[in-house]
Amino acid sequence: MSDDPRMSPGATDPAAAVLITEVERVDGVDDGVVAAFGRLVPQLSSSSPPPSADQLRAIVASPATVLLVARAAGPDGDDGDGGDGGDGGDGGDGGDGPIVGSLTLAVFRLPTGVRAWIEDVVVDGSARGTGVGEALVAEAVRRAGDFGAKTVDLTSRPDREAANRLYLRAGFVARETNVYRRTLEVRTDRS
């Protein structure tokens, strides 16, 4: 673990570490955000296409979801914009560094209380093992608590060993439960 305060929590190799400028909520969608998800989603799922700009805008606009991204700084600690003050990569609302990870937090009210669910955690292959996932999860847990959630749930396939270790380090515990899924045909005639 590095003592560099700009380094992601959980980063183990300072020479290969991605310095995080921030984990931020996406409040607007531009071409850079769309491009980042075009790069990240295929690394998460081979069966789901990347979301379109309109789909990302719907996620951002939904009161039930918080779309978080992690941005990287260059190895010298700058924001990756080449020093010209321009946009250094994937656009978006906040930082100028490229988007190297994302997470979606769903928060919803049930008769038994407010619940939160973490979905679609993905870290770019170039940034894996640098603490980006840990920073995203920590921010999602913090925000879930701010919403008053009683619990935060997530699922992860057993073969995603690094992700499962991350979730255990972040305080999650495996539950004895069954997870069921029913696949629905997508209707395009909804209004």
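Helices and strands here are DSSP runs, with a strand being a run of E of at least two residues, and they are numbered from the N terminus. Keep in mind that you're working with a predicted model.

**Exercise 1. Get an overview of the chain: how many helices and strands are there, and in what order do they come?**

Step 1. Count the elements. The protein chain has four helices and five strands.

Step 2. Walk along from the N terminus. The order you meet is β-α-α-β-β-β-α-β-α.

Step 3. Look at burial. Of the 191 residues in the protein chain, 38% are buried.

Step 4. Look at the contacts. Take those with a separation of 6 or more: 66% of them join residues 24 or more positions apart.

**Exercise 2. Place Asp120 and work out what is unusual about its backbone: which sign does its phi have?**

Step 1. Find the element. Asp120 sits in strand β4.

Step 2. Classify its exposure. The relative accessible area of Asp120 is 46%, so this residue is partly exposed. The cut-offs to use are under 20% for buried and over 50% for exposed.

Step 3. Check phi. For Asp120 the angle is near 50°, a positive value although the residue isn't glycine.

Step 4. Compare that with the general rule. Most residues other than glycine have a negative phi.

**Exercise 3. Describe the largest pocket: how much space does it hold, and what lines it?**

Step 1. Start with the volume. The largest pocket holds about 1,400 Å³ of space.

Step 2. Turn to the lining. It consists of 38 residues, and those nearest the centre of the pocket are Leu44, Ser48, Glu119, Asp120 and Arg181. So you've met one of these residues already: Asp120, from strand β4.

Step 3. Sort the lining by class. You get 20 nonpolar, ten polar and eight charged residues.

Step 4. Ask which elements contribute. At least two lining residues come from each of α1 (31–44), α2 (53–61), β3 (99–110) and β4 (113–123). With six residues, β4 gives the most.

**Exercise 4. Explore the nonpolar cores: which element gives the most residues to the largest one?**

Step 1. Pick out the best-connected members. The largest nonpolar core has 28 residues, and Leu103, Leu105, Ile118, Val132 and Tyr167 touch the most other members.

Step 2. List the elements behind this core. Two or more residues come from each of β1 (19–25), β2 (65–73), β3, β4, α3 and α4 (161–169).

Step 3. Name the top contributor. That's α3, with six residues.

Step 4. Look for another core. There is a second, separate one of 13 residues, including Val29, Leu67, Ile99 and Val122.

Step 5. Zoom in on Ile118. Leaving out residues up to four places away in sequence, Ile118 touches Leu103, Thr104, Leu105, Val137, Ala140, Val152, Asp153, Leu154 and Phe172.

**Exercise 5. Compare Ala144 and Arg169: which is buried and which is exposed?**

Step 1. Locate them. Ala144 belongs to helix α3, while Arg169 belongs to helix α4.

Step 2. Read off the accessibilities. Ala144 has 0% relative accessibility, so it counts as buried. Arg169 has 55%, so it counts as exposed.

Step 3. Find who touches Ala144. Not counting residues up to four places away in sequence, the list is Leu105, Ala116, Ala149 and Val152.

Step 4. Set sequence against space. Ala144 and Val107 are 37 residues apart along the chain, with 7.1 Å between their C-alpha atoms. Arg169 and Glu134 are 35 residues apart in sequence, and their C-alpha atoms are 8.6 Å apart.

**Exercise 6. Take three more side chains, Thr130, Thr104 and Tyr180: is each one buried or exposed?**

Step 1. Begin with Thr130, in the loop between β4 and α3 (132–146). Its relative accessibility is 4%, so Thr130 is buried. A polar atom of the Thr130 side chain lies 2.5 Å from the backbone oxygen of Ala127.

Step 2. Move to Thr104 in strand β3. At 16% relative accessibility, Thr104 is buried because the cut-off is under 20%. Beyond four places in sequence, the residues Thr104 touches are Thr65, Val66, Leu67, Trp117, Ile118, Glu119 and Asp120.

Step 3. Finish with Tyr180, in the segment after α4. With 70% relative accessibility, Tyr180 is exposed. The side chains of Tyr180 and Asn178 are joined by a polar contact of 3.2 Å.

Methods:
Residues are numbered from 1 along each chain as its sequence is written. This is a predicted model: local features need pLDDT of at least 70, side-chain atom pairs count only at pLDDT 80 or more; totals for chains, interfaces and linings use all residues. Side-chain values use heavy atoms; hydrogens and water are left out. On a 1 Å grid over the protein atoms alone, a cavity is a set of points where a 1.4 Å probe fits but cannot get out, and a pocket is an open set with protein on both sides within 12 Å along at least five of seven lines; lining residues have an atom within 4 Å of a point. Grid points are joined across faces, edges and corners, and a volume is the space filled by probe spheres set on the points. Ala, Val, Leu, Ile, Met, Phe, Trp, Tyr, Cys and Pro count as nonpolar, Asp, Glu, Lys and Arg as charged, and the others, Gly among them, as polar. Buried means under 20% relative accessible area, exposed over 50%, partly exposed in between (1.4 Å probe, protein chains only). A polar contact is a pair of N or O atoms within 3.5 Å; within protein, one must be able to donate a hydrogen and the other to accept it, and residues adjacent in sequence count only if both atoms are side-chain atoms. A nonpolar core is a set of buried Ala, Val, Leu, Ile, Met, Phe, Trp, Tyr and Cys residues joined through side-chain atoms within 4.5 Å. Contact means heavy atoms within 4.5 Å.
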